[in-house]
Amino acid sequence: MAQKKNSKKNKPKVVKINFSWLYVILTIAIIWMIFNPSGGGANPQKIEWEEVKEMAAKGDVQEIAFVRNEFLGKVTIKADRLGEYADKFGGKLPKRSPHFTFLVSSTFNAEEMFGEVNSALPVDNRFKLVIENDDKFWSNALEWLLFPIIMILMWVFMIRSMSPKGGQGGPGGMFSVGRSTGKLADKNKVSVTFKDVAGLYGAKEEVMEVVDFLKNPKKYTALGGKIPKGALLVGPPGTGKTLLAKAVAGEANVPFFSISGSDFVEMFVGVGASRVRDLFRQAKEKSPCIVFIDEIDAVGRARGKNAGFSSNDERENTLNQLLTEMDGFDSNSGVIILAATNRADILDKALMRAGRFDRQIHVDLPDLNERKEIFTVHLRKIKLASDFDLDFIAKHTPGFSGADIANVCNEAALNAARNNKLAVDKQSFTEAVDRIIGGLERKNNLITEKEKESIAHHEAGHATVSWLLPNADPLFKVTIVPRGQSLGAAWYLPEERHIVTKEQMMDKMCSLIGGRVAEEIVYGQPSTGALNDLERLTTMAYSMVKYYGMSEKVGSLSYYDSTGSRGYDFHLPYSEQTAILIDEEAKNIIRQVQDLTRQILTEHKEQFLQVAALLKEKEVIFADDMEKIFGPKVGGQPEQTVDEQNETL
C-alpha cells in the first residue's frame, strides 16, 4: 500500500493548457501592434538632409545611422542640445532615440556626403556614423501570414466551442460538430425499473409490450409479426414520460440513448441532419437498444407552419432526415424509438403515421390511488410524524403531476426544518401545498381595514354560493391571507368527473361570480378584485356556446379545432352573424348566472354576513365552520377528488 501511495505522489502532474487564454493574449498583442507601430519606441520627426547638415555644423548631432537599402537616415541629438529643438516635438522632448529621420535619393553617396560634413567639424564635435543594410524578410513574411493565421485560429476556436465535447477536443476535433450529442447509458448502468415508477397503470401496460419485444423478439417474428419501430409518449409536463422511458430500458436490460429534440437544431446548415444520421448509426451498432428523443416537438413541428421561417428551414431539413432514417432501418433490427412531448397537436402528420411512431401512449395526470403510490415513493427518505395521513394529503393534491408531488414532499420537509420540528407533520404538507399553488404568504403586505373587509365579503360570497348549490365543487377552506398575486382564496376539492353537464357548469359559474355579486350587494358597486373570476367565467360561457353545443339559438354545433390545423388561419369557421349570436348567447348565460347568484345571496344574506365576519376575525375558515352556519352541504362530500382549483381574488 505504501508503494502505491508513493507511486501516486511521484506521478507527474499533467498541466492542462486552456487555449482560450492563448487566443486572448494573441488578440491583445495584435491590438497593441496596430496602435503602436513603432513597437513602443521613439517617434522620430521627419526632416531634410539640408537641416541635418545645419545640425551637424552646430555640433548638435551625436550619431547618424544610415540604412543603405532603404535610403533612410536616423539622427540622434546630443542630450544637452536636445532642448533647442523642443518646438519640433510640440514642446515635449522625446525620451528615446533616434530623434529625427530623413530620406535621400538612390544617387546619394553616403560615405562621401557624411565624410565631407564630418571632416568640416572639429574633432570634438564630430558625430558617430553607422551604415548598415536592414533585412526585413521575416517581418514582411509575418505581415503576409499574420491575417491568415488569425482567421484559422478563430475558426478552430469557434468549432471547438460548438463541438459535442464542449471544446475539449473530442473525437474528430473540429470535424465532430456533426456527431450525435446523445448520451449513451449501457445496459449495466440503467438502474431504473418499473418499481421506481409509481402509478401510470395504463401507460406501463403499453410500454411493457415494448419490453417484451426487446426481450423475446422471436416470439413475435416467428408468427410473421413486425416489432413496432416507435412509440410516442404524450402527456402534460411532469407526469413521468422520461422516467418511464428509462424504466423501459432498465427492464429490457438494453443500452439507452437519450437526446433532446433541441440538440438537433444548430445554426449551421446540415448539422442537424448529420447528427440524426450519426445517432441512428450508433443505435444500429448497439442493437438491440432504445433511442429516447425528449421534447420531440422542437424538431418535429409540422412543416410549413413554422412562423417566420422559409421552406428551406434547417429544422425542416432535420425533420426530413429523421423521417428518412425511421423508414431506412429494418423493423426487426432491435432498435425502438421512444419520444416524448406535451404538444402532440403540433407534430407533423408524416411523423405520426404508422410505420414510424406506430402507437401513442398517453401519460395522464395521476388519479387518487396513483397519487398515493407516488407519495409513497417520494416519502421513503422523509421522516414523518405520527399524525401524517397519506389519504388526506392525496385527496388534498388533486390535479398534481408526479413532479408536483415530489416538490410538495420536498417543500414540506423544508417547512418542518424551518420551524425546528423533529418530523414532517400534516400541517407542514398543507402549508407546502398552499405555497406551491397559491404562492408565498405575504405577511408584510399592507392592507387597509376597509380593503380587508371587502376581501372578506368577496370570499364569503364564493363560499356561500358554492355551499348552497348542489353541483358546485365542495369547499375545503377559505382564506383572506395574501399569497402570491392573490389577496384571498377559496379552495375547492372537485368531484372526480369525466363528463360535466350543463347544470353542473352553471353551478360552478355561479360560485365563480359569487364574490363580485357579494360586493355589489354589500357596497352597491363592484371592484377590480374579480378580474380572475370574470376571465374564467367568460371562458366557460363561450365554451358552452362555441364548443359544447349548450345554446338553443346557436344549436348543436362545435367550432373546436382538436387537430390544430387552424392554428395560423386568420378566418373564423363561422359567419359574422353567427359571431354576433355567439356573443349574445354568452352574455345571456352570464346574465342568468348572475341573477341566480344574486338571488341566493339575497335570500341568505344574514348567514352570508356571518361568514364574512368570521372570516375577517379568523382569516382562515374551513368546511366545519361553514357547516355550523349553513348546516350540511347540499349534495354531500365527494368520496374521491381529481382536481383542485384556486378561486383567486
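**Exercise 1. Take stock of the fold: how many helices and strands does the chain have?**

Solution. Counting along the chain gives 22 helices and 15 strands. Keep in mind that this is a predicted model. Next, look at burial: of the 649 residues, 41% are buried. Then turn to the outside, where about 36,300 Å² is exposed, with carbon and sulfur atoms supplying 54% of that area. Last, check the contacts with a separation of 6 or more: 75% of them join residues 24 or more positions apart.

**Exercise 2. Find the largest nonpolar core and work out which helix gives the most to it.**

Solution. Start with the members: there are 47 residues, and Leu-475, Met-509, Val-593 and Met-626 touch the most other members. Now see where the core comes from. Elements supplying at least two residues each include the strands β12 (475-479) and β13 (489-492), plus helices such as α17 (449-468), α18 (502-523) and α20 (576-603). The top contributor is α18, with eight residues. Now zoom in on Val-593: skipping neighbours within four places in sequence, its contacts are Met-506, Met-509, Cys-510, Ile-513 and Leu-537. Finally, a separate core of 28 residues lies apart from this one, with Val-248, Ile-336, Ala-340 and Ile-361 among them.

**Exercise 3. Classify Phe-256: is it buried or exposed?**

Solution. First place it: Phe-256 sits in strand β8, residues 256-260. Its relative accessible area is 3%. The cut-off for buried is under 20%, so Phe-256 counts as buried. To finish, pair Phe-256 with Cys-289: they're 33 residues apart in sequence, yet their C-alpha atoms are 6.0 Å apart in space.

Methods
Residues numbered from 1 in each chain as written. Predicted model: local features only at pLDDT ≥ 70, side-chain atom pairs only at ≥ 80, totals over all residues. Heavy atoms only, no water. Helix = DSSP H or I, 4+ residues; strand = E, 2+ residues; numbered from the N terminus. Buried < 20%, exposed > 50% of the residue type's maximum accessible area, 1.4 Å probe, protein only. Contact = heavy atoms within 4.5 Å. Areas by Shrake-Rupley, 256 points an atom, 1.4 Å probe, with all protein chains shown as cover. Core = buried A, V, L, I, M, F, W, Y, C linked by side-chain atoms within 4.5 Å.
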